[in-house]
Structure formats: structure tokens, C-alpha cells
Amino acid sequence: TLAPEQTPDGVEIEFEHGLATRNDFMGYVGAPVVLYARHEDGLVPAVCVMRQAKADDARERLTELMRLSAKESALPQGLSAPDILAVYEEADVIAVNLSGAFRGAMEKLSGQRERLAVYAMVNTLTEGKRASKVQFFFEGEQVSRLAGALEMRGAFVRNPGMVVN
């Protein structure tokens, strides 16, 4: 038995027949995930480790992107997982429905910061995935403009040109 203080998530693990197996620890195996962080007027790939079971989940990737520090984050501050209302993945498109608060925060950005935020999400969500496009909805609707720099209707494709080395 491992006591709660001996496990990463604070949950006791009871081993069957007193023998630890690989399956007992599968939930703790990490996988590298690339998030796109802000760097001056561009984006830089930032590798983080997420639980393997959640690394391919678009909602989890977007939540992790929100957790970046204020210095690194291309997204407006003050957003969190509840601001992601729904995520739906089809073969080539990831549809993301975000809260009205998310929309309001995006509308307050400068045009350049809006571009960084949108492409940080698009590049993060499509990194290593079959889907190459992302559609954004706010409270179930596509909007034409947020901060004014981008037309938000339709789908966005990855933009490697936003990534600086």
C-alpha cells in the first residue's frame, strides 16, 4: 500500500495481493505536450508534461495553455477551465465553444495580442493531431470580430509563421 502522501495526486494505492504492477501507475505516466507560449511579438513552443491519458484531449491542452504564467501566456489572464464550455473533435476540425467571459477578455486585447492568443490556441490544439483546423464559438455562436484584428467566423489553420525561433 502507498499512503496518500506517497502518491502524486494524494490518493492511496492498494496493491492486489501486495504486489505493485505497471497498471497501478499508468495514471501517473507523463507525456510531453507542446503548448505555444508568447515571446515578444510571436509564439514559441513550450514543452510541458501532462498525464498520458489526458495529453491528446483538446480541452486539457487548452486548460494547460491557460495555466501558463502571465509572462508566458498569450491568452488573457483570469481565464480557467470553466471558460471552456465544450470541445468537439471531428476528423479535420476541432470546434471550441468558449464562455462570454472569454470573449470579453479577448475583446480587450490589442490586435497583435488577439492574433497571438488565437494562434497560440490553434497551434496548441492541432499540434501532433489529425485535425488541422480550429473553429471558435462563444456561447454557441461564431462572432465576426473580437479585438478587431481577425475575422473569427470560419476555421483557422495552423500558422507556423507566428512561431519564432
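Me: Which residues is M152 in contact with, leaving aside neighbours within four places in sequence?

Reply: In this predicted model, M152 is in contact with E114, V118, F136, F138, Q142, V143, S144, R145 and L146.

Me: Ok, and where does M152 lie?

Reply: M152 sits in the loop between β5 and β6.

Me: Buried or exposed, that M152?

Reply: Buried. Its relative accessibility is 1%, and the cut-off for buried is under 20%, so M152 counts as buried.

Me: What about A70, how far is M152 from that one, C-alpha to C-alpha?

Reply: The two C-alpha atoms are 24 Å apart, and the residues are separated by 82 places along the chain.

Me: Switching to the core. How many residues are in the largest nonpolar one, and which have the most contacts inside it?

Reply: The largest nonpolar core has 44 residues, and F102, F136 and M152 are the ones with the most contacts inside it.

Me: Which elements supply at least two residues each?

Reply: That list is β1 (30–39), β2 (42–51), α1 (58–66), β4 (93–98), α2 (100–107), α3 (111–126) and β5 (133–138). The largest share comes from α3, with eight residues.

Me: Where does α3 lie relative to the strands?

Reply: α3 lies across β4, β5 and β6, and it runs at about 125° to β5.

Me: Now the sheet with those strands. What's the strand order, and is it open or closed?

Reply: It's an open sheet of four strands in the order β3-β4-β5-β6, with mixed pairing. The edge strands are β3 (84–89) and β6 (155–157), each pairing on one side only. From one strand to the next, the twist averages 25°.

Me: Mixed how? Which pairs are parallel and which antiparallel?

Reply: β3 and β4 run antiparallel and are joined by five bridges. β4 and β5 pair in the parallel sense over six bridges. β5 and β6 run antiparallel, with three bridges joining them.

Me: What joins β3 to β4 along the chain?

Reply: A hairpin does, through three residues.

Me: I want to check the register. What stands opposite N97 on the β3 side, and what on the β5 side?

Reply: A86 stands opposite N97 on the β3 side, and F137 in β5 stands opposite N97 too. For the β5 and β6 pair, you can look at K133, which stands opposite V157 in β6.

Me: Back to β4. How many of its residues are buried?

Reply: Six of its six residues are buried, so β4 is mostly covered.

Me: And which way do the β4 side chains point?

Reply: V93, A95 and N97 point one way, while I94, V96 and L98 point the other way, and all are buried.

Me: Why the alternation?

Reply: Because in a regular strand the side chains alternate between the two faces of the sheet.

Me: Zooming out, how many helices and strands does the chain have, and in what order?

Reply: The protein chain has three helices and six strands. From the N terminus on, the elements go β-β-α-β-β-α-α-β-β.

Me: What are the overall dimensions?

Reply: The C-alpha trace spans about 60 × 30 × 30 Å along its principal axes.

Me: And what share of the 165 residues counts as buried?

Reply: 37% of them count as buried. The accessible surface comes to about 9,000 Å², and 49% of that belongs to carbon and sulfur atoms.

Me: Last one: of contacts between residues at least 6 apart in sequence, what share join residues at least 24 apart?

Reply: 54% of those contacts in the protein chain do.

Technical notes. Residues are numbered from 1 along each chain as its sequence is written. This is a predicted model: local features need pLDDT of at least 70, side-chain atom pairs count only at pLDDT 80 or more; totals for chains, interfaces and linings use all residues. Side-chain values use heavy atoms; hydrogens and water are left out. A nonpolar core is a set of buried Ala, Val, Leu, Ile, Met, Phe, Trp, Tyr and Cys residues joined through side-chain atoms within 4.5 Å. Buried means under 20% relative accessible area, exposed over 50%, partly exposed in between (1.4 Å probe, protein chains only). Two strands pair if DSSP finds at least two bridges between them. Axes are lines fitted to C-alpha atoms, for helices over the stretch in contact, and angles run from 0 to 180 degrees between N-to-C directions. Contact means heavy atoms within 4.5 Å. Accessible areas come from the Shrake-Rupley method with a 1.4 Å probe; for residues, only the protein chains shown count as cover.
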